[in-house]
Amino acid sequence: MYTDPIADYLTRVRNAQAARHKVVEIPASNIKKEITKILNDKGYILSHKFEDDGKQGVIKIALKYNNHNEPAIRKIQRVSKPGLRKYAGATELPRVLNGLGIAILSTSKGVITDKEARQENVGGEVLCYVY
């Protein structure tokens, strides 16, 4: 049993891209589904599919590469950990690569990006950085 399911999710994506896999399977949870939807909306992955296997379900993610077989996600980094939570208020939301990357936050309005959180004027727990 792993203690940080979000870190496990990010590590599986990172390792699959390093090994140049086309698809990666990850055990599902509601927060992982929301992170996957954000990655798909922002163009970091090709597509995703949620499959029910009778237990918790599986997320299948089709990874995205450019013409030179380089991954679309250059870095995916966990910020808030179970041992040390990182929170940001509406005024001090992080900017990733001066706005070129995204920070994924868990807020009272759900799991959203840093840009959406600025528009909604909400803060929350900074889950990860993606660029």
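Hi everyone. When I say contact today, I mean heavy atoms within 4.5 Å. With that in hand, here is a residue to start from. Leaving aside its neighbours within four places in sequence, L63 is in contact with V13, A16, Q17, H21, K22, V24, I45 and L46. Please keep in mind that this is a predicted model.

Let's step back to the whole chain. The secondary structure comes to three helices and eight strands, and along the sequence the pattern reads α-β-α-β-β-β-β-β-β-α-β. The radius of gyration is 15 Å, close to the 14 Å that the globule rule gives for 131 residues, so the chain is as compact as a globular protein of that length. Along its principal axes, the C-alpha trace spans about 40 × 40 × 25 Å. Of the 131 residues, 40% count as buried. If you like contact statistics, take the contacts between residues at least 6 apart in sequence: 61% of them join residues at least 24 apart.

Now for the inside. The largest nonpolar core has 25 residues, and L63 is among those with the most contacts inside it, along with I35, L39, I61, I104 and V130. Which elements give two or more residues to this core? They are α1 (5-18), β1 (23-27), α2 (30-41), β3 (58-63), β6 (102-107) and β8 (124-130). Helix α1 gives the most, with five residues. There is also a second, separate core of ten residues, which includes V79, A88, L93 and I112.

Since α1 gives the most to the largest core, let's look at that helix. At 1.5 Å a residue, its 14 residues should span 20 Å, and the end C-alpha atoms are 20 Å apart, which agrees. The buried residues of α1 are I6, D8, Y9, L10, V13, A16 and Q17. They pack against β1, α2, β3, β4 (76-78) and β8. After the helix comes R20, with a positive phi near 60°.

On to the sheet. Three strands form an open sheet in the order β1-β3-β2, with antiparallel pairing. Why do β1 and β2 (45-51) each have one side without a neighbour in the sheet? Both stand at the edges with a single partner strand, so one side of each is left free of a sheet neighbour. The twist averages 20° from one strand to the next. Between β2 and β3 there are six bridges, and in β3 the bridge partner of S47 is A62.

Two helices lie across these strands. Helix α1 crosses β1 and β3, running at about 165° to β1. Helix α2 lies across β1, β2 and β3, at about 155° to β2.

I'd like to finish with two residues. The first topic is K33, which is found in α2. K33 is partly exposed, with a relative accessible area of 26%. Leaving aside neighbours within four places in sequence, K33 is in contact with A28, F50 and I59. From K33 to S47 it is 14 residues in sequence and 12 Å in space, C-alpha to C-alpha.

The other is D114, in helix α3 (residues 114-120). Is D114 buried or exposed? With a relative accessible area of 2%, D114 is buried, because the cut-off for buried is under 20%. Beyond neighbours within four places in sequence, D114 is in contact with L93, P94, R95, V96, I102, A103 and L105. One of those, L93, also belongs to the second core.

That's my tour, thanks for listening!

Notes. Residues numbered from 1 in each chain as written. Predicted model: local features only at pLDDT ≥ 70, side-chain atom pairs only at ≥ 80, totals over all residues. Heavy atoms only, no water. Core = buried A, V, L, I, M, F, W, Y, C linked by side-chain atoms within 4.5 Å. Buried < 20%, exposed > 50% of the residue type's maximum accessible area, 1.4 Å probe, protein only. Helix = DSSP H or I, 4+ residues; strand = E, 2+ residues; numbered from the N terminus. Pairing = 2+ DSSP bridges. Axes fitted to C-alpha atoms, helices over the stretch in contact; angles between N-to-C directions. Expected span 1.5 Å × (residues − 1). Rg over C-alpha atoms; globule rule 2.2 N^0.38 Å.
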